[in-house]
Structures are given as C-alpha cells and as structure tokens.
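This report describes one buried loop position and the pairing of one strand. The sequence and model are shown first.

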Amino acid sequence: LANRELTAPDTWEVRLSSGKDKKSTFTDLLNENKLGKLALVRNLRNMNDSGVSKELVKEKLLRNKQQLLPFQFIAAAKECPAWEDIVDESMIESKASYPKLKGNTSIFVDVSGSMDHGLSGKSKMNRMDAACGIAMLLREVCENVEVLTFSEALSIVPNRRGMALRDAIVKSQMHSGTYLGKALQCYLANGKPIERKIERVVVITDEQVADAIPQ
C-alpha cells in the first residue's frame, strides 16, 4: 500500500470512479454480469442519463433472480420514471416463484395523512411507499386478494398489479384521519365475510388509529 503497488479490485464502484466513459463502463459491467441486482436498480438513472441501452438493462433485470423488497423497486422507479415499465415487469416476474397463500385475503392499507411522512430524516421514501410495497408483494403471493384503503372512509382499490396498484392506492381517497374501526365496521356491514370465506385480513398501518377496533 505504501509503495502504491496494491491492485484495486475489479468492482463496479472502482470502474465507475476511474473516470472512464460511463456508458461504455455500464455496458461492459452489464455484459460481464458484474452488477448485482441491487446495484443495478440503484444505478438506473445513471444508466439512463449515460445513454445505456434500455433493452440491455431490461434483459439483465429479468434474468437476475436475486430477490429484492418491493420498496426497493419503488425507489428505483421514483429515481428513473422513464424506466418504470421495466422495473415494474422485473418486480412482478421476481415474485412469480413465491409460494401462494391459499384462499381469500383482504388487505387494508392505511392512507391517512401520517403515512405521507418520511421513513427517516434523510430518506426519500415515506410510510406510504413502504405500505404500498407490502401490498404489491401480497398481491402477487395471495391466491385470491382484494385491496382496500382506509382513512376517513373505506375505499375499494381496482384489481391492479405492481406500480399501477401503488398509484391506485395513493389516489384512492384523501389522506386524512385514521379510522380503521370505522372501515372494518363498514366492511362487516356489507357482508363480505359472510358471502365468502375470508381466510385472513391484513392491515398495513403505522398504528396511529383514531377509533376503536370492533371485536
């Protein structure tokens, strides 16, 4: 090290920091399979800005079977909206091999005002992103699923997948109070559990509930 004779490891970080052309560097890294999936999704905007082939990135994303959490795909789509379609396809395809939860599942997603708060002081992600990520995952692993949101009221979300499901959840109603009890009472009053057997109800919330939960 003192004699400056230590060989630098051949990693994507080293290559990108060497000052070489980013497009050719990213293209070589992709062709040599030197980018892990997390590194790939985190560098989508840089690759897009550098002019890297979208088709090449798509091919590598779909071929890489490493599992990522849904919110990591959401973060990638936020950073590079132009390539949201390939991020979405990769996320859905990566969950295809998951074992299915049998039966009927009802998912209640909290869309109250507190869900718009950031996960941390420096994070670009908020609680809504995290909640949508869990809902997107459950949508793929549940055999039969319905997604609903609650805030001031109960709202049924269109049966969509991936980023389209995220958008539908976020836009389903105003982000105001947190009335989970009211939403569950409305759900029970409509006879949903009576009409068909519900194996499980999943509630995704930051737990700032404003009313009592029915027994």
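Two strands are taken to pair if DSSP finds at least two bridges between them. Strands (E, at least two residues) and helices (H or I, at least four) are DSSP runs numbered from the N terminus. The model is predicted, and local features need pLDDT of at least 70, side-chain atom pairs count only at pLDDT 80 or more, and totals for chains, interfaces and linings use all residues. Residues are numbered from 1 along each chain as its sequence is written, and side-chain values use heavy atoms, with hydrogens and water left out.

Strand E1 (residues 101-110) is mostly covered, with 8 of its 10 residues buried; buried means under 20% relative accessible area (1.4 Å probe, protein chains only). The pairings of E1 are listed below.

| Partner of E1 | Bridges | Direction | Residue pair |
|---|---|---|---|
| E2 (residues 142-150) | 8 | parallel | Leu101 and Cys142 |
| E4 (residues 200-204) | 5 | parallel | Ser106 and Val201 |

Between E1 and E2 the chain passes through helix H8 (residues 127-141), and this β-α-β crossover is right-handed: with the strands pointing away from the viewer, the path from the first strand over the helix to the second runs clockwise.

Asn43 lies in the loop between helix H3 (37-42) and helix H4 (44-50). Asn43 is buried, with a relative accessible area of 6%. The side chain of Asn43 reaches the backbone oxygen of Ala39 at 2.8 Å. Ala76 is 33 residues from Asn43 along the chain, and their C-alpha atoms are separated by 8.2 Å.

Conventions: Buried means under 20% relative accessible area, exposed over 50%, partly exposed in between (1.4 Å probe, protein chains only). A polar contact is a pair of N or O atoms within 3.5 Å; within protein, one must be able to donate a hydrogen and the other to accept it, and residues adjacent in sequence count only if both atoms are side-chain atoms.
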